[in-house]
Amino acid sequence: MPSHAFRLASAGVLALSLALASVVAWAEPKAPSEEENADATFAASFLGKNYDGELAIEGWNDLGGGLIVAPIFIRHYQRDDGTFLVLTSRQLVKEARDVPGNYEVVDALIVPPPASGVQFTISCVQGQDETLRFIGEAKGPESKEWWTEVRRAWEIDLATGKITSTKTKGVRCTNVSWGQ
C-alpha cells in the first residue's frame, strides 16, 4: 500500500474512532445534578409517611387529586419553579362523619417542568380502560378534551400504588385547561 493511501486509511480509522467515542459519550446518561438528587431525596422522604385528611407540603401548591381505585389515592403538587411532586397513598382508615381518613404514602414521583407547550397531568388513561391510572406529559389542540401526543408517561399499579415509567403508546391525557 502506498504511504499516502496508508495515511488516508489511518486518518479514516482515527476519524471513525473519534466519531464512535463521541457517540458513546453522548449515549452515557448524564449524572443527576445536585438539585435533582435533593429532589429525589425529598420525594423519598415521604415514603411510609402516615397522615390524616389532606397533606400540606411547605413550599408546594396542592393541585388536588383523588381516588384512583380503592384504596389507592393520588395527589399532586407544584413548586414555584414548575417542578411537580406526585404522591400515591393507600387509605388505611376511611373518613367518618367528624374524622378524616388516614393514609400512608406508598410512592412519590418528582417531575421537572415540562417543555414549552407541554402540560403535566395526573389524568391519563390507556386504551379502552377509563381508569385514571396513568400520569403524563402531553400536548395537543386547546379545542380537544383528550390529548394523544403524550411525550412521557407513568403507570400507577392499582394493587400497590407504585409509580413506574411506561411506554406512551395508547395513552391519552386530559387537556388540563379543558372547560376553563
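A salt bridge here is a side-chain nitrogen of Lys or Arg within 4 Å of a carboxyl oxygen of Asp or Glu. The model is predicted: local features need pLDDT of at least 70, side-chain atom pairs count only at pLDDT 80 or more, and totals for chains, interfaces and linings use all residues. Residues are numbered from 1 along each chain as its sequence is written, and side-chain values use heavy atoms, without hydrogens and water.

Student: How many strands does the protein chain have?
Tutor: Helices (H or I, at least four residues) and strands (E, at least two) are DSSP runs, numbered from the N terminus. Along the sequence, the pattern opens α-α and continues with β. Two helices are found, and the strands number 11.

Student: Which residues are linked with Arg 79 in a network of salt bridges?
Tutor: Arg 79 meets Asp 81 in a salt bridge at 3.0 Å, N to O. Arg 79 also bridges to Asp 39, with the closest N and O atoms 2.9 Å apart. That second pair joins strand E3 (residues 72-79) to helix H2 (residues 34-44), 40 residues apart. The network's other members are Asp 39 and Asp 81.

Student: Is Asp 39 buried or exposed?
Tutor: Buried means under 20% relative accessible area, exposed over 50%, partly exposed in between (1.4 Å probe, protein chains only). Asp 39 has 10% relative accessibility, so Asp 39 counts as buried.

Student: What does Arg 133 count as, buried or exposed?
Tutor: Arg 133 forms a salt bridge with Glu 155 at 2.4 Å, N to O. Glu 155, at 23% relative accessibility, counts as partly exposed. Arg 133 is at 16%, and therefore counts as buried.
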